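I opened this model to look up its strands, its cores and one charged side chain. My entries follow in the order I made them.

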Amino acid sequence: FDKLKKYLHKGPPSRCQSSSPLASIPEVSTNAAHKFGFLNRSSQSISRRKSIRPWKRRLAVLDNNNLSIYKVETVESLIPVNSIIDIQADSKKSFGKNVIVIRTDDNREHYLQANSEEDMKEWVHMIESLGPS
């Protein structure tokens, strides 16, 4: 995690906005983190299937209990692992390339876009391994 913070303080990655809101990464415990990295995030209520919200680049941290999505120094979204009722890679590419669709028990769909197909599969595998059996 320290390497990630040092990298970010050198300047935003080329895919980030020039004034990255993630220049100040929060102090989070990564000792228990199974996976962390940048994902693009969007969401919608399942009952309102008009359109999804715009994509935003965020830091995601997966631990034993939660998938935490960080914006600047605060948690923007917290998805308890035990609330996930379905997770899948969007093979139809309905929302773009390398998108993970997470449906939770509060009737929401969360969309996370990884940088590569390999990264997308790794996120799905890690989240599934922590979810309810």
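I began with strand β7, residues 108-113 (helices are DSSP runs of H or I, at least four residues; strands are runs of E, at least two; both are numbered from the N terminus). Five of its six residues are buried, so β7 is largely enclosed by the rest of the structure. Buried here means under 20% relative accessible area, exposed over 50%, and partly exposed in between, with a 1.4 Å probe and protein chains only.

I noted the provenance early: this is a predicted model, where local features need pLDDT of at least 70 and side-chain atom pairs count only at pLDDT 80 or more, while totals for chains, interfaces and linings use all residues. Residues are numbered from 1 along each chain as its sequence is written, and side-chain values use heavy atoms, with hydrogens and water left out.

Next I looked up the partner of β7. Strand β6, residues 99-104, pairs with β7 in the antiparallel sense over six bridges; pairing requires that DSSP finds at least two bridges between two strands. I found Ile 100 opposite Leu 112 of β7. Three residues lie between the strands in this hairpin, and Asn 107 takes a positive phi near 70° there.

I then followed Ile 100 outwards. Its contacts (heavy atoms within 4.5 Å) include Ile 87, Tyr 111, Leu 112, Met 120, Trp 123 and Val 124, not counting residues up to four places away in sequence.

I turned to the largest nonpolar core, a set of buried Ala, Val, Leu, Ile, Met, Phe, Trp, Tyr and Cys residues joined through side-chain atoms within 4.5 Å. It has 18 residues, of which Leu 67, Ile 100, Ile 102, Trp 123 and Ile 127 touch the most other members. I listed the elements that give two or more residues: β2, β3, β5 (84-89), β6 and α2 (117-130). Helix α2 gives the most, with five. Another core, of five residues, lies apart from this one and includes Ala 33, Leu 59, Val 61 and Tyr 70.

I went on to strand β2, residues 56-62. Six of its seven residues are buried, so β2 is largely enclosed too. Four bridges join β2 to the antiparallel strand β3, residues 66-71. A hairpin of three residues connects β2 to β3, and Leu 62 stands opposite Leu 67 in β3.

Last, I checked Arg 57, which lies in β2. What is its nearest side chain of opposite charge? I found Asp 119, 7.8 Å away; Arg 57 is buried yet has no salt bridge (a side-chain nitrogen of Lys or Arg within 4 Å of a carboxyl oxygen of Asp or Glu). For charge, Lys and Arg count as positive and Asp and Glu as negative; His and the chain ends are not counted.
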